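This report describes one protein chain, beginning with a single contact and ending with the chain as a whole. Please look at the sequence and the structure first.

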Amino acid sequence: MTLRLRPGVSTADTAYGTVLLDERSGDYWQLNPTAATVFRRLAAGDSETQAAAALADEFDVDPAQALQDVTALVEHLRTARLVTS
């Protein structure tokens with residue numbers, strides 16, 4: 001699964017993660033470092049399972065919890081209409 005930003009959404013890396021800006025509405029979302037890691041991996045073509053495994057390894061979290069977190073992040077990004085896949 002390759003997660004793609006919807007046209008009109010831009011990103012900026014910050015000291016606290018990544019910011020997504022919806023240029024049409026002016027709304028923005030702050031992704032913390034773990035969410036930013038997941039977002040980058042999904043945007044690079046990783047599956048949700050692969051991104052969760054990387055999250056579990058990098059941040060020492062339970063793999064099942066990591067997969068739930070990845071799935072929740074993707075759902076939030078889709079609900080906010082920030083991404084397509």
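The side chains of Thr-18 and Asp-13 are joined by a polar contact of 2.9 Å. The model is a predicted one, and the values in this report were computed from it.

**Around Thr-18**

Thr-18 is part of strand S3, which covers residues 17-22. Is Thr-18 buried or exposed? Its relative accessible area is 3%. Because buried means under 20% relative accessible area, Thr-18 is counted as buried.

Which residues does Thr-18 touch, leaving out those up to four places away in sequence? They are Thr-11, Ala-12, Asp-13, Trp-29, Gln-30, Leu-31, Ala-36 and Arg-40. One of these, Ala-36, lies in helix H1 (residues 33-43) and is buried. Ala-35, Thr-37, Val-38, Phe-39 and Leu-42 of helix H1 are buried as well. Just after H1 comes Gly-45, with a positive phi of about 115°.

**The loop between S1 and S2**

Two residues can be described in the loop between strand S1 and strand S2. Arg-6 has its place in this loop, and so does Pro-7, with strand S1 at residues 4-5 and strand S2 at 9-14. Arg-6 is buried, at a relative accessible area of 13%, whereas Pro-7 is exposed, at 66% relative accessibility.

Apart from neighbours within four places in sequence, Arg-6 is in contact with Asp-22, Arg-24, Arg-81, Leu-82 and Val-83. For Pro-7, a distance to Asp-27 is available: the two are 20 residues apart in sequence, and their C-alpha atoms are 14 Å apart in space.

**Positive phi outside glycine**

Asp-60 has a positive phi although it is a residue other than glycine. Arg-81, also not a glycine, has a positive phi too. Asp-60 sits in the loop between helix H2 (48-59) and helix H3 (63-79), and Arg-81 in the loop between H3 and strand S5 (83-84). Both residues count as exposed, as the relative accessibility of Asp-60 and that of Arg-81 show.

| Residue | Phi | Relative accessibility |
|---|---|---|
| Asp-60 | near 55° | 72% |
| Arg-81 | about 60° | 63% |

Arg-81 has already appeared above, as one of the residues in contact with Arg-6.

**The whole chain**

How many helices and strands does the chain have? There are three helices and five strands. In sequence order they follow the pattern β-β-β-β-α-α-α-β. The radius of gyration of the chain is 12 Å, close to the 12 Å that the globule rule gives for 85 residues, so the chain is as compact as a globular protein of that length. The C-alpha trace spans about 35 × 25 × 20 Å along its principal axes.

Of the 85 residues, 33% count as buried; Thr-18 and Arg-6 are among the buried residues. The accessible surface of the chain comes to about 5100 Å², and carbon and sulfur atoms account for 51% of that surface.

Contacts can also be described by sequence separation. Taking contacts between residues at least 6 apart in sequence, 40% join residues at least 24 apart. As for charge, the chain has 7 positive and 12 negative charges, and the mean positions of the two groups are 11 Å apart.

Notes. Residues are numbered from 1 along each chain as its sequence is written. This is a predicted model: local features need pLDDT of at least 70, side-chain atom pairs count only at pLDDT 80 or more; totals for chains, interfaces and linings use all residues. Side-chain values use heavy atoms; hydrogens and water are left out. Helices (H or I, at least four residues) and strands (E, at least two) are DSSP runs, numbered from the N terminus. The radius of gyration is taken over C-alpha atoms; the globule rule is 2.2 Å times the number of residues to the power 0.38. Buried means under 20% relative accessible area, exposed over 50%, partly exposed in between (1.4 Å probe, protein chains only). Contact means heavy atoms within 4.5 Å. Accessible areas come from the Shrake-Rupley method with a 1.4 Å probe; for residues, only the protein chains shown count as cover. Lys and Arg count as positive and Asp and Glu as negative; His and the chain ends are not counted. The place of a charge is taken as NZ of Lys, CZ of Arg, CG of Asp or CD of Glu. A polar contact is a pair of N or O atoms within 3.5 Å; within protein, one must be able to donate a hydrogen and the other to accept it, and residues adjacent in sequence count only if both atoms are side-chain atoms.
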